[in-house]
Number of protein chains: 2
Amino acid sequence: MEIPPPVELKLPLIVPHKVLMGPGPSNAAPRILQALSQPVLGHMHPELFTIMDEIKKGIQYIFQTKNELTLAISASGHAGLEAVMCNLLEPGDTVLVLVNGIWGERAANIAERNGAVVQKLQKSNSNDNFSIIEIENAIKGYLPKLVFVVQGESSTGIYQPLDGIGEITRRYNCLLAVDTVASLGSVPMFMDQWKIDALYTGCQKIIGVPPGVTPISFSQKAHNVIFNRKTKIPVYYLDMTLLGQQWNCFEKNLPRLYHHTTSANLLYALREGLAIVADEELENVIERHQRCAERLYKGIELLGLEFYIEDEVKRLPSVTTIKVPKGVDWKNVVDYAMKNYKFELSGGLGPTVGKVFRIGIMGYNATPENIDKTLQILKEALAYSKNDSKL
Amino acid sequence: MEIPPPVELKLPLIVPHKVLMGPGPSNAAPRILQALSQPVLGHMHPELFTIMDEIKKGIQYIFQTKNELTLAISASGHAGLEAVMCNLLEPGDTVLVLVNGIWGERAANIAERNGAVVQKLQKSNSNDNFSIIEIENAIKGYLPKLVFVVQGESSTGIYQPLDGIGEITRRYNCLLAVDTVASLGSVPMFMDQWKIDALYTGCQKIIGVPPGVTPISFSQKAHNVIFNRKTKIPVYYLDMTLLGQQWNCFEKNLPRLYHHTTSANLLYALREGLAIVADEELENVIERHQRCAERLYKGIELLGLEFYIEDEVKRLPSVTTIKVPKGVDWKNVVDYAMKNYKFELSGGLGPTVGKVFRIGIMGYNATPENIDKTLQILKEALAYSKNDSKL
């Protein structure tokens, strides 16, 4: 062999144990890591189909939906966004994207790749959300086929309320798609009641499953749009007409389709993540996250720090953005926490780069003990950074 | 909550232990399952970047390539195929697909979704491979931008030799893409020497990693095509200009890009799968698979069974297709093995449905003991099926 075995692979794998209090991924519960290491099953084995059926019910529960076309994509949350766009949009269709952080920008980018005409509703300040009037005016103006909203912008920490948007999109006969990657489980979600047509979330945030599978659901209205396209769905891997058959979402007597090789082990983990939420019950999960956020807010105030988002009701409980104090290099703070405690605090992203710290409160990590530890480490790291800008 | 927690999720997860001797996934080695259950790391953590660098070197080794644009996609093998098509093809481009089973058909389907003009070179018999003259004539006739070949058709068990095709595609100034999902590690692969421009494999076959990550590599020539497109790459998730930056494949002083959230745990597993191959050394892995295949062939002959592919040199060592004897219902045989031994033998797929058994020899399962067990169970199941067509 011309190319020899790489020497790096002769050494053992070393994975440090960290506490991940950034905006995700969060630490997985031991029960989930244990599930991951179960033996592999084939993608057409009946035991795996049972697990997939249980996952579907678990997703219907956390989304509060009865949608039949509900499943998990074998890819990260970005693919959830891509699945919404490539299934619902055809070249020339207009999409209205609400942009107040990088996820709106990403959605616009992906919609453009699908040949859509992208209209953006943008805030001048990235630390504010959209009013229902702003949204209705934009819909009235552009008459889009699809409106795309991010419920929780993890780049800014902004929370976008959704109640009432679905009434407007129905009135103007357009579809409503919502990204809940960073928000689901920390704030309410009622997919059916709120008349949302496409919804996805990340598994590696509040559900606490390692990345790689993405829960997604489509309403009957979206289903009809997908099945009545003029052009082919451009991405085979995300084609809901086929994925839905693999996940047994259509007529129950259709045979399961071998669309792609699902990842049995990630599905075990997702099943367990959903089971943990079902055990605790969704309303309690949400309440726990909100209680932790309040505890964090109090501690941040006691430290004399300022919030990027002043109005508490506009803050996403799962991602808190805190202004970097003057004279402090954010990177020194983050590095201090990681170096001394293997503790992840995070800097900004997109519009907040260099301006904020981001603290995640997610799933297994959402405990008062972790909040207190976060505050103690943040305090120590800030003091250190003020005294010495070098690590 | 209108929709209550599903009762199914109140029960514990149960995963049976099986021996997977079908065409994949195969059983993962304990070292790989152990790696999977390590704590989650963030997608931008330096320890994970180190693991990604090691994976890149491991892929370069198993592909025998020095290509810089070498990485693992966070999705199953189908996404590898999709990545080849959506990065290399633009609407109106001609692609020549060699079809002798379902993977060629799937490639044609995906190329069409990308707006390409698809030309197929097809065998009248699915149990034969293509001669170099047939391939050259088709290239001469269609002058495609891209030629797509499956090295190992897991649906038929046919092995397509590649040596010499790259000389032709270079002469006609077209790109050569090869699917090695089911073949890599059981037959030789010299990506650079054979002048292959795009190559991907499955992780869940001979590398023995649970599905969900897909090694892929592009030549400098393919790289140039990707960076000089007239149209945008339609799929963000598979965009090699961005993925390459996340995997540090371009200029070394470019910062790592946050393109999507990679699955740390699947990357640990892939790193370990590649390390196992590097420890044993690729030529020994290939030899072990070929020795196991020969042992299986002898046993099959002793059982008086016939091969779907008569000519032994045309058989893929990793997937053997055996004709279902007259008077036997293939499903009874497969079900008997599963019911009594939790042992996976597989039926046909695509052109071989109902006609063959498929036996996989892959990775951790490729041992003489497993071959002997396969033969013993097959013998017993066939005897049972002849005596009684009911389970």
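The exercises below, each with a worked solution, concern a predicted model.

Residues are numbered from 1 along each chain as its sequence is written, and chains are lettered from A in the order in which they are written. In this predicted model local features need pLDDT of at least 70 and side-chain atom pairs count only at pLDDT 80 or more, while totals for chains, interfaces and linings use all residues, and side-chain values use heavy atoms, with hydrogens and water left out.

**Exercise 1. Describe the sheet of chain A, from its strand order to its edges.**

Step 1. Seven strands of chain A form an open sheet with mixed pairing, in the order β2-β10-β9-β8-β5-β3-β4; strands (E, at least two residues) and helices (H or I, at least four residues) are DSSP runs numbered from the N terminus, and two strands pair if DSSP finds at least two bridges between them.

Step 2. The edges are taken by β2 (69-73) and β4 (117-122) of chain A, and because each has a single partner strand, one side of each is left without a neighbour in the sheet.

Step 3. On average, and with direction ignored, neighbouring strands of this sheet are turned by 15 degrees against each other.

Step 4. At the β2(A) edge, the pairing with β10 (residues 214-218) of chain A is antiparallel and runs over five bridges, with Leu69(A) opposite Phe218(A).

Step 5. Helix α2 (residues 46-63) of chain A lies across β2, β9 (198-200) and β10 of that chain, at about 110 degrees to β2(A), where axes are lines fitted to C-alpha atoms, for helices over the stretch in contact, and angles run from 0 to 180 degrees between N-to-C directions.

**Exercise 2. Place Lys145(A) and describe its surroundings.**

Step 1. Lys145(A) sits in the loop between α5 (132-142) and β5 (146-150) of chain A.

Step 2. Its relative accessibility is 23%, and therefore Lys145(A) counts as partly exposed, the class between buried (under 20% relative accessible area) and exposed (over 50%), with a 1.4 Å probe and protein chains only.

Step 3. Apart from residues up to four places away in sequence, Lys145(A) touches several residues, among them Leu88(A), Asp93(A) and Cys174(A), contact meaning heavy atoms within 4.5 Å.

Step 4. The side chain of Lys145(A) reaches the backbone oxygen of Leu88(A) at 2.8 Å.

**Exercise 3. Is strand β5(B) enclosed or open, and which strands pair with it?**

Step 1. Five of the five residues of β5 (residues 146-150) of chain B are buried, so this strand is largely enclosed by the rest of the structure.

Step 2. In a regular strand the side chains alternate between the two faces of the sheet. For β5(B) both faces are covered, with Leu146(B), Phe148(B) and Val150(B) buried on one side and Val147(B) and Val149(B) buried on the other.

Step 3. Strand β3 (residues 94-99) of chain B runs parallel to β5(B) and is joined to it by three bridges, whereas β8 (residues 175-179) of chain B pairs with β5(B) in the parallel sense over five bridges.

Step 4. Phe148(B) stands opposite Val97(B) and also opposite Ala177(B) in β8(B).

**Exercise 4. How are chains A and B related?**

Step 1. A turn of 180 degrees with a shift of 0.0 Å along the axis lays chain A on chain B with an RMSD of 0.0 Å, the copies being superposed by least squares on the C-alpha atoms of residues with pLDDT of at least 70 in both.

Step 2. That is the relation of a two-fold axis.

Step 3. Because 100% of the interface residues of chain A are also interface residues in chain B, the copies meet through the same surface.

Conventions: Polar contact = N/O pair within 3.5 Å; in protein donor to acceptor, adjacent residues only side chain to side chain.
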